[in-house]
Each structure stands twice: as structure tokens, then as C-alpha cells.
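Here are a few exercises to help you find your way around a new structure. Try each task yourself before you read its solution.

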Amino acid sequence: MKIIMLGAPGAGKGTQAKMIADKYGIPHVSTGDIFRANIKNGTELGKQAKEYMDKGLLVPDELTVKILLDRVAQDDCKNGYVLDGFPRTIPQAEVLDEALTKLGEKIDFAVNVDVPDENIVKRMSGRRACLKCGATYHIEHIPPKQEGICDTCGSELVLRDDDKPETVLNRLKVYHDQTQPLIDFYTAKGVLKTVDGTQDMKDVFNAIVAILG
Ligand code: AP5
Ligand code: MG
């Protein structure tokens with residue numbers, strides 16, 4: 001099963017994608033996580049990506065598309081995957097579509113996690129992320145067992161550099177300009193499903209499972 005998560009920054013794509021990956025036994029592929037791992041490891045890709053990410057801008061398609069296509073070509077993606085944060089522009093969606101068509105494959109579901117802008121800024125300032133394993137928490141809604149420490153791998157939790165309120169507002173603008181058109185793109189392909197992302201995260205997940213089957 002091949003699934004795309006759509007939604008504004010902070011809508012809960014990552015949270016839901018991890019739960020989907022666990023339930024259906026498919027990898028969770030997040031371009032944001034791949035970039036953050038590269039930044040942490042000081043790679044050239046990481047250095048380039050950070051310049052854009054810290055401003056709330058999209059990393060250029062030339063850098064993004066290749067790493068994503070390489071990732072989904074790996075063995076563990078044979079039976080499907082859940083993409084979180086990709087595609088984010090119409091050109092990215094078109095490249096993915098072409099690559100899949102060549103393999104005789106297609107996206108089965110594009111799940112749009114719908115959360116109004118007003119809710120987003122509040123959520124982001126409470127988010128804490130583990131840069132080692134990609135786990136995310138929220139200081140109010142999903143606190144770690146021990147403050148500031150990842151439940152999964154024991155690493156330190158941080159407020160992402162791009163979660164500052166002014167950067168979040170920029171990310172929202174970029175989302176509306178460049179990513180929201182994908183809703184029409186996947187509606188036209190007949191695979192778009194929208195869930196109400198303002199519900200409790202377990203209810204959001206139940207709504208998604210009802211769609212995926
Ligand atoms: P990326 O890492 O993809 O960030 P994003 O889209 O901005 O999304 P987030 O990870 O911030 O939010 P999310 O929807 O995953 O929400 P989460 O589950 O954490 O990308 C970062 C940057 O990398 C981009 O800005 C761009 O520069 C670059 N990039 C990445 N991919 C790219 C691409 N394809 N092309 C170009 N550039 C790219 O939840 C948010 C918070 O809310 C958490 O604290 C969570 O615990 C909490 N929460 C989740 N669900 C609920 C709920 N139901 N109720 C209450 N709280 C909840
Ligand atoms: Mg995320």
C-alpha cells in the first residue's frame with residue numbers, strides 16, 4: 001500500500017504516519033526527517049537544506065526529488081510506504097507519478113489531515129522532537145515519560161529551529177501557495193481522502209484506518 005500524507009505544517013502528518021507505518025508494517029518515509037538527520041550529521045545536503053528550512057522555505061525540488069526516489073527504491077519499500085512531507089509541490093508530485101507509472105504502480109491513498117491555521121501555531125510551539133529517531137511529542141498533548149528525554153531512544157528532545165512562531169507563519173504561507181494545490185491534484189486522481197485533524201490523535205488515526213481498511 002502506498003500512502004501520501006498531506007496537510008499543513010503541524011497538522012499531524014508525522015504523528016499519524018508513524019502509527020500507520022506500525023499498523024501496516026510499511027516504512028515511514030519523511031523528507032523532513034531525512035533532511036534533519038543530514039543537518040545533524042553535518043553533510044553537504046544538510047548544510048544546503050538548513051538554509052531553506054530555517055527560513056520556512058521549501059528545499060529546492062532538485063535536492064528533494066532525488067533523495068526521495070532513492071529512498072523508495074530501497075528494498076524495505078517493496079510492499080509500500082507512507083510518505084510524509086513529500087510531495088510538497090506539483091512538480092514533485094509529477095516526478096513521483098512518472099516514476100511510479102514506469103514501474104506499473106500508483107499511489108493508493110492521499111490522506112489530507114485537515115487542521116485550520118489558527119490551531120497550528122499553538123501546536124508547534126509545544127512540539128518537542130527527537131533528532132536521533134524522529135519521534136515527536138507535545139508538552140501538553142503527548143508528553144514524554146521523562147521531561148526532555150525521548151521515550152524511544154533516550155536522546156534529548158529539542159524545539160525544532162523552524163518551530164519558532166514567525167517561521168511557522170512563513171511555513172503556513174508556503175504551504176498554502178505551493179502544497180495545497182496537491183489537494184486538487186490527488187482529488188483528480190480519485191485518491192484523496194480528508195480527515196478532521198483537530199480531533200484527538202487516536203480519533204484521527206481511527207478515521208484513517210477506516211479509510212485504509
Ligand atoms: P517537515 O518535517 O515535513 O515539516 P512540516 O510539513 O512543516 O510538518 P511538521 O513535521 O512540522 O508537522 P507534522 O504534520 O508532521 O505534525 P506532527 O505530527 O509533528 O519539513 C520541514 C522542512 O523541510 C520544510 O519546511 C522544508 O523546508 C523541508 N522539506 C521537507 N520535505 C520537503 C519537500 N518534499 N520539498 C521541499 N522541502 C521539504 O504534529 C505537530 C505537533 O502536534 C506535535 O507536537 C504533535 O505531538 C502534536 N499533535 C499531532 N497530532 C495531534 C492531535 N490530533 N491533537 C493535538 N496535538 C497533536
Ligand atoms: Mg513531520
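**Exercise 1: Placing Asp75**

Find the loop that holds Asp75, then decide whether this residue is buried or exposed.

Solution. Start with the neighbours: Asp75 sits in the loop that runs between helix H4 (61-72) and strand E3 (81-84). Keep in mind that you're looking at a predicted model. Next, check the relative accessible area of Asp75, which is 58%. Exposed means over 50%, so with 58% Asp75 counts as exposed.

**Exercise 2: Sequence versus space**

How far apart are Asp75 and Leu57, in sequence and in space?

Solution. Along the sequence, 18 residues separate the two. Now go from C-alpha to C-alpha: Asp75 and Leu57 are 31 Å apart.

**Exercise 3: The whole chain**

Work out whether the radius of gyration of the chain agrees with that of a compact globule.

Solution. First, take stock of the elements: there are nine helices and eight strands. Then take the length, 213 residues, for which a compact globule would have a radius of gyration near 17 Å. The chain comes in at 16 Å, so the two agree. For a feel of the extent, its C-alpha atoms fill a box of roughly 45 × 40 × 35 Å along the principal axes.

**Exercise 4: Inside and charges**

What percentage of the residues count as buried, and how many positive and negative side chains are there?

Solution. Of the 213 residues, 46% count as buried. On the charge side, you'll find 28 positive and 32 negative side chains. The centres of these two sets lie 3 Å apart.

Note on methods:
Residues are numbered from 1 along each chain as its sequence is written. Chains are lettered from A and ligands numbered from 1 in the order in which they are written. This is a predicted model: local features need pLDDT of at least 70, side-chain atom pairs count only at pLDDT 80 or more; totals for chains, interfaces and linings use all residues. Side-chain values use heavy atoms; hydrogens and water are left out. Helices (H or I, at least four residues) and strands (E, at least two) are DSSP runs, numbered from the N terminus. Buried means under 20% relative accessible area, exposed over 50%, partly exposed in between (1.4 Å probe, protein chains only). The radius of gyration is taken over C-alpha atoms; the globule rule is 2.2 Å times the number of residues to the power 0.38. Lys and Arg count as positive and Asp and Glu as negative; His and the chain ends are not counted. The place of a charge is taken as NZ of Lys, CZ of Arg, CG of Asp or CD of Glu.
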